[in-house]
Amino acid sequence: MAMNLSSGGGRRRGRGGRRAPMAEINVTPLVDVMLVLLIIFMVTAPLLVTGVPVELPESRANALDQKDEPIEIAIDKDGVTFIDGTEVGPADLPARLEEIAAAQDAKTPRQIMLRGDTSISYGQMMRVMGELNRAGLNSVSLVTTGSSGEN
């Protein structure tokens, strides 16, 4: 905390009877507020991850270990396809997948994570998987949610 100690004692004032203005700012409250805000943002940032709302099927499979960030392809309940959160029309899907295939290394292909809503038809999922295969993207994983109970 900042303190202003004057050399004179009592009620005496210096020349002219005025006090000199205090030119110090107490930054402790500012730092406290900024630390609280930092903690709030650190806690809430992981919760703000937005994506395509897809109701995933359940599975008892284990999670995969990955080095690079995978490419996420999602099909929502209306059958609309998204690549990394960007909507892609059915006519544009083959070209986008070919771009992805051309940009990857042949020795270490990028992992494709395919998410499909439980309400879409099998044909819609197979259409996207067929386009992935045709583009040469064969490292595809189907994303599910963990099963809550064992059967």
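Contact here means heavy atoms within 4.5 Å. With that in hand, let's work through some exercises.

The model is predicted, so its local features need pLDDT of at least 70 and side-chain atom pairs count only at pLDDT 80 or more, while totals for chains, interfaces and linings use all residues. Residues are numbered from 1 along each chain as its sequence is written, and side-chain values use heavy atoms, with hydrogens and water left out.

**Exercise 1. Getting your bearings**

Find how many helices and strands the protein chain has, and in which order they run.

Step 1. Helices (H or I, at least four residues) and strands (E, at least two) are DSSP runs, numbered from the N terminus.

Step 2. Counting these runs gives 3 helices and 7 strands.

Step 3. Starting at the N terminus, the order is α-β-β-β-β-α-β-α-β-β.

Step 4. For burial, use these cut-offs: buried means under 20% relative accessible area, exposed over 50%, and partly exposed in between (1.4 Å probe, protein chains only). Of the 151 residues of the protein chain, 24% are buried.

**Exercise 2. Building the sheet**

Work out the order of the 5 strands in the open sheet, and which strands stand at its edges.

Step 1. Two strands pair if DSSP finds at least two bridges between them.

Step 2. Begin with strand 2 (residues 71-75) and strand 5, which run parallel and are joined by 5 bridges. Here Ile 71 has Ile 112 as its bridge partner, and Glu 72 stands opposite Met 113.

Step 3. Now look at strand 3, which pairs with strand 2 in the antiparallel sense over 3 bridges. Ile 73 is partnered by Ile 83, and Ile 75 by Thr 81. In the hairpin of these two strands, 5 residues lie between the strands, and Gly 79 takes a positive phi near 85 degrees.

Step 4. Strand 5 also runs parallel to strand 6 (residues 140-142), with 3 bridges joining them. Leu 114 stands opposite Leu 142 in this pair.

Step 5. The order of the open sheet is 4-3-2-5-6, with mixed pairing. Strand 4 (86-88) and strand 6 are at the edges with a single partner strand each, so one side of each lacks a neighbour in the sheet. From one strand to the next, the twist averages 30 degrees.

**Exercise 3. Looking inside strand 5**

Decide whether strand 5 is largely enclosed or not, and say which way its residues point.

Step 1. In a regular strand the side chains alternate between the two faces of the sheet.

Step 2. Ile 112, Leu 114 and Gly 116 point one way from strand 5, while Met 113 and Arg 115 point the other way.

Step 3. 5 of the 5 residues of strand 5 (residues 112-116) are buried, so the strand is largely enclosed by the rest of the structure. Strand 2 is mostly covered, with 4 of its 5 residues buried.

**Exercise 4. Two helices together**

Describe how helix 2 and helix 3 cross.

Step 1. Two packed helices are described by the angle between their axes and the distance between the axes. Axes are lines fitted to C-alpha atoms, for helices over the stretch in contact, and angles run from 0 to 180 degrees between N-to-C directions.

Step 2. The axes of helix 2 (residues 93-103) and helix 3 (residues 122-135) come within 9 Å and cross at roughly 40 degrees.

Step 3. The two helices are therefore oblique to each other; angles under 35 degrees count as roughly parallel, over 145 as roughly antiparallel, 65 to 115 as roughly perpendicular and the rest as oblique.

Step 4. Residues making the contact include Leu 93 and Leu 97 of helix 2 and Val 128 and Leu 132 of helix 3.

**Exercise 5. Two residues compared**

Find out whether Thr 81 and Arg 110 are buried or partly exposed, and what they touch.

Step 1. Thr 81, in strand 3 (residues 81-83), is buried, with a relative accessible area of 3%. Beyond residues up to four places away in sequence, Thr 81 touches several others, including Ile 73, Leu 93 and Val 128.

Step 2. Arg 110 sits in the loop between helix 2 and strand 5 and counts as partly exposed, at 31% relative accessibility.

Step 3. Leaving aside neighbours within four places in sequence, Arg 110 is in contact with Glu 69, Pro 70, Ile 71, Gln 104 and Ser 139.
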